[in-house]
Amino acid sequence: MAREKFQTLTEQMFYILLCLRRECCGTDIMAQIQEKTQGRVSVGPGTLYNLLESFLTAGMIAETKVEGRKRSYLITEAGEKALEEEYNRLMILTADYRAATEQEGR
């Protein structure tokens with residue numbers, strides 16, 4: 001059974017979408033991810049622009065502004081839905097972990 005694209009998000013995908021809840025460009029996204037994760041997660045330019053292109057194609061983000069080579073983006077309703085679904089998935093995993101460790105007495 002093939003896995004649907006964006007069924008789950010990588011950390012980089014999650015943080016890119018999270019950053020795009022406010023309009024920003026690629027360099028802003030990279031800086032915000034570093035700041036939000038205190039350096040734990042980083043996204044290089046190659047990865048970032050490949051993911052932005054995939055998100056654009058999937059309708060999860062929209063290009064809002066072009067100034068020369070600088071492009072700005074904003075999350076769409078479909079992107080918000082994917083972000084929310086990933087958040088809910090992570091909360092379920094956390095609850096399952098908590099339940100399992102409590103059951104084991106840890």
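Start with the whole chain and its contacts: of those with a sequence separation of 6 or more, 51% are between residues 24 or more positions apart. The model is predicted. With all C-alpha atoms shown, the chain fills a box of roughly 60 × 35 × 20 Å along the principal axes. Colour by burial next: of the 106 residues, 30% are buried.

Switch to a cartoon. The chain has four helices and three strands, and from the N terminus onward they follow the pattern α-β-α-α-β-β-α.

**Stop 1: helices α1 and α2**

Select residues 11–19, which form α1, and residues 26–36, which form α2. Two packed helices are described by the angle between their axes and the distance between the axes. Here the angle is about 110° and the axes are 10 Å apart. Angles of 65 to 115 degrees count as roughly perpendicular, and α1 and α2 are therefore roughly perpendicular to each other.

Now show side chains where the two helices meet. On the α1 side, select Tyr15, Ile16, Leu18 and Cys19. On the α2 side, select Ile29, Gln32, Ile33 and Lys36. Sorted by class, the residues of this contact are six nonpolar, one polar and one charged.

**Stop 2: the aromatic pair**

Stay with Tyr15, which takes part in the contact with α2, and add Phe14 to the selection. How many aromatic pairs does the structure hold? There is one. A pair of aromatic rings is described by the distance of the centres and the angle of the planes. The ring centres of Phe14 and Tyr15 are 5.5 Å apart and the planes stand at 85°, so this pair is edge-to-face; the cut-off for that label is an angle over 60 degrees. Both Phe14 and Tyr15 are buried.

**Stop 3: the loop after α2**

Move on to Thr37 and Gln38. Thr37 lies in the loop between α2 and α3, and the place of Gln38 is in the loop between α2 and α3 (45–58) as well. Are these two residues buried or exposed? Thr37 counts as buried, at 7% relative accessibility, whereas Gln38 is exposed, with a relative accessible area of 75%.

Draw a distance from the side chain of Thr37 to the backbone nitrogen of Val41: it comes to 3.1 Å. For Gln38, check the backbone instead. Its phi is near 55°, a positive value in a residue other than glycine.

**Stop 4: Thr76, ahead of α4**

Select Thr76, in the loop between β3 (70–75) and α4. Which residues does Thr76 touch, leaving aside those up to four places away in sequence? They are Gly59, Met60, Ile61 and Ala62. Then add Arg21: Thr76 and Arg21 are 55 residues apart along the chain, and their C-alpha atoms are separated by 8.5 Å.

**Stop 5: helix α4**

Finish on α4, residues 77–103. Two residues are worth selecting here, Leu90 and Thr101.

Leu90 is partly exposed, its relative accessible area being 31%. Bring in Leu17 and join the two C-alpha atoms: the distance between Leu90 and Leu17 is 15 Å, across a sequence separation of 73 residues.

Thr101, in contrast, is buried, with a relative accessible area of 12%; the cut-off for buried is under 20%. Where does the side chain of Thr101 find the backbone oxygen of Arg98? A polar atom of the Thr101 side chain lies 3.1 Å from that oxygen.

Methods: Residues numbered from 1 in each chain as written. Predicted model: local features only at pLDDT ≥ 70, side-chain atom pairs only at ≥ 80, totals over all residues. Heavy atoms only, no water. Phe/Tyr/Trp six-rings, centres within 6.5 Å; stacked < 30°, edge-to-face > 60°. Buried < 20%, exposed > 50% of the residue type's maximum accessible area, 1.4 Å probe, protein only. Axes fitted to C-alpha atoms, helices over the stretch in contact; angles between N-to-C directions. Parallel < 35°, antiparallel > 145°, perpendicular 65-115°, else oblique. Contact = heavy atoms within 4.5 Å. Nonpolar A, V, L, I, M, F, W, Y, C, P; charged D, E, K, R; others polar. Polar contact = N/O pair within 3.5 Å; in protein donor to acceptor, adjacent residues only side chain to side chain.
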